[in-house]
There are 2 protein chains.
Amino acid sequence: MENRLDRIKKQLHAQKYKLTPQREATVRVLLENEADHLSAEDVYLLVKEKAPEIGLATVYRTLELLTELKVVDKINFGDGVSRYDLRREGAEHFHHHLVCIECGAVDEIQEDLLEDVEKIVEERWRFKIKDHRLTFHGICHRCQDKKASEQKQA
Amino acid sequence: MENRLDRIKKQLHAQKYKLTPQREATVRVLLENEADHLSAEDVYLLVKEKAPEIGLATVYRTLELLTELKVVDKINFGDGVSRYDLRREGAEHFHHHLVCIECGAVDEIQEDLLEDVEKIVEERWRFKIKDHRLTFHGICHRCQDKKASEQKQA
DNA sequence: TATCTTTTAATAATGATTATAAAAACTTAA
DNA sequence: TTAAGTTTTTATAATCATTATTAAAAGATA
């Protein structure tokens, strides 16, 4: 954990930005909640627990800065808020999400599912792909199980 | 065009909604601008040209109603506004977009690119897919050409 | 016609995000 | 070290898309 913080610190310094206490607190919250997709408000509330004097605008600015530096990804599930995910180091940059229409849970898939599809798109539409975003909407296994056991009950 | 309007009218009636003049004006704007991805504000301004007495809230309510009835798709490019696309009749419901990071153009692909991918996801993650959304970010062929000819100049 | 429902317009309210301005913390160069 | 310049932060106001509210209008119904 400290290693990742250090590397992020170096990334900031490389662009002449400093890892201020507020920025460090924000990054720590992101590191400690890596599995979640936190909104700016979520991050703000969590940072406040440790550094109560921080302001919402600072959190917004920090998240924006981290997005620019590609330390985090700003993602949009269409629910009206932006969410911020720490980017996995070294990993390719995929955005594959499974959004459950029953319970709202969002799971993330780390595999590259689109290698072949990208080739088709690049060739057929002459579109030079830099990034992609793929979201499936459906019913997660948890909700499927829940439904199944409810049916057994009745 | 009139045919499609009639069919939309029937869809409304089937759910006990009426095709009021305001709603008709809104649908006409969508029919006449099918290629674009209009925001609520865009639709509002276009409808205003023909029916100046209409209010923004009515346009919002109409677009929401049409979305519920699955006459239009409400889509989100992450640019802070929702956009509304008339759904192609009979067509399967794919959302494949090519977003150009140079000029901002959004092209739409009508093919089903994900048949195989969906199978993998359904099996491996036990996720019952109902819909998906796939967006590629990159450089469109127009901007590629523009760049190429600029290089020739220099 | 009287009444009940649907729809509309106008406007206020909300919620996420961004802009602004003044203060604080750091840096740097004389 | 100190004065000046830069970066960052805080607090707050402003903005922008969207939703809620409320009263009036239009339509349907009995």
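Here are legends for a set of close-up views of this predicted two-chain model.

**View 1. The two domains of chain A.** The domain assignment splits chain A into domain 1 (1-90) and domain 2 (92-154). Taken over C-alpha atoms, their centres sit 25 Å apart. What do the two share by way of contacts? On each side, 4 residues take part: 4 from domain 1 of chain A and 4 from domain 2 of chain A. The domain 1 side of that contact breaks down into 2 nonpolar, 1 polar and 1 charged.

**View 2. Helices H2 and H4 of chain A.** Here we zoom in on H2(A), residues 21-32, packing on H4(A), residues 56-68. The angle between them is about 70°, and their axes lie 10 Å apart. That angle makes H2(A) roughly perpendicular to H4(A). Which residues make the contact? From H2(A) come A:Gln22, A:Arg23 and A:Thr26, while H4(A) brings A:Thr58, A:Val59 and A:Thr62. By residue type, this helix pair meets through 1 nonpolar, 4 polar and 1 charged.

**View 3. The three-stranded sheet of chain A.** This open sheet has its strands in the order E1-E3-E2, with antiparallel pairing. Strand E1 (38-39) and strand E2 (72-76) are the edge strands, and each pairs on one side only. Between E1(A) and E3(A), residues 82-86, there are 2 bridges, and the two strands run antiparallel. To find your place in the view, look for A:Ser39, which stands opposite A:Arg83 in E3(A).

**View 4. A six-stranded sheet built from both chains.** Go along this open sheet and you pass E5(A), E4(A), E6(A), E6(B), E4(B) and E5(B), in that order. The pairing is mixed. Which strands stand at the edges? They are strand E5 (106-109) of chain A and strand E5 (106-109) of chain B; each has a single partner strand, so one side of each is left without a neighbour in the sheet. From one strand to the next, the twist averages 20°. Inside chain A, E4(A), residues 96-100, runs parallel to E6(A), with 5 bridges joining the two. One pair to look for is A:Leu98 and its bridge partner in E6(A), A:Phe136.

**View 5. Where the E6 strands meet.** Now for the middle of the story: E6(A), residues 128-139, and E6(B) pair in the antiparallel sense over 11 bridges. Opposite A:Thr135 you will find B:Arg133 in E6(B).

**View 6. The contact between the chains.** How many residues does each chain put into the contact? Chain A and chain B supply 28 residues each. On the chain B side, helix H5 (115-124), strand E6 (128-139) and helix H6 (141-153) each supply at least two residues. E6(B) gives the most, with 12 residues. Sorted by type, the chain B side has 15 nonpolar, 8 polar and 5 charged.

**View 7. The rotation axis.** A turn of 180° with a shift of 0.0 Å along the axis lays chain B on chain A, with an RMSD of 0.2 Å. The two copies are therefore related as by a two-fold rotation axis. Which residue of chain B comes closest to the rotation axis? B:Leu134 does, with its C-alpha at 2.2 Å. Both copies use the same surface, as 100% of the contact residues of chain B recur in chain A.

Notes
Residues numbered from 1 in each chain as written. Chains lettered and ligands numbered in written order. Predicted model: local features only at pLDDT ≥ 70, side-chain atom pairs only at ≥ 80, totals over all residues. Contact = placed C-beta atoms within 7 Å. Helix = DSSP H or I, 4+ residues; strand = E, 2+ residues; numbered from the N terminus. Nonpolar A, V, L, I, M, F, W, Y, C, P; charged D, E, K, R; others polar. Pairing = 2+ DSSP bridges. Least-squares fit on C-alpha atoms with pLDDT ≥ 70 in both. Axes fitted to C-alpha atoms, helices over the stretch in contact; angles between N-to-C directions. Parallel < 35°, antiparallel > 145°, perpendicular 65-115°, else oblique. Domains from an automatic or database assignment.
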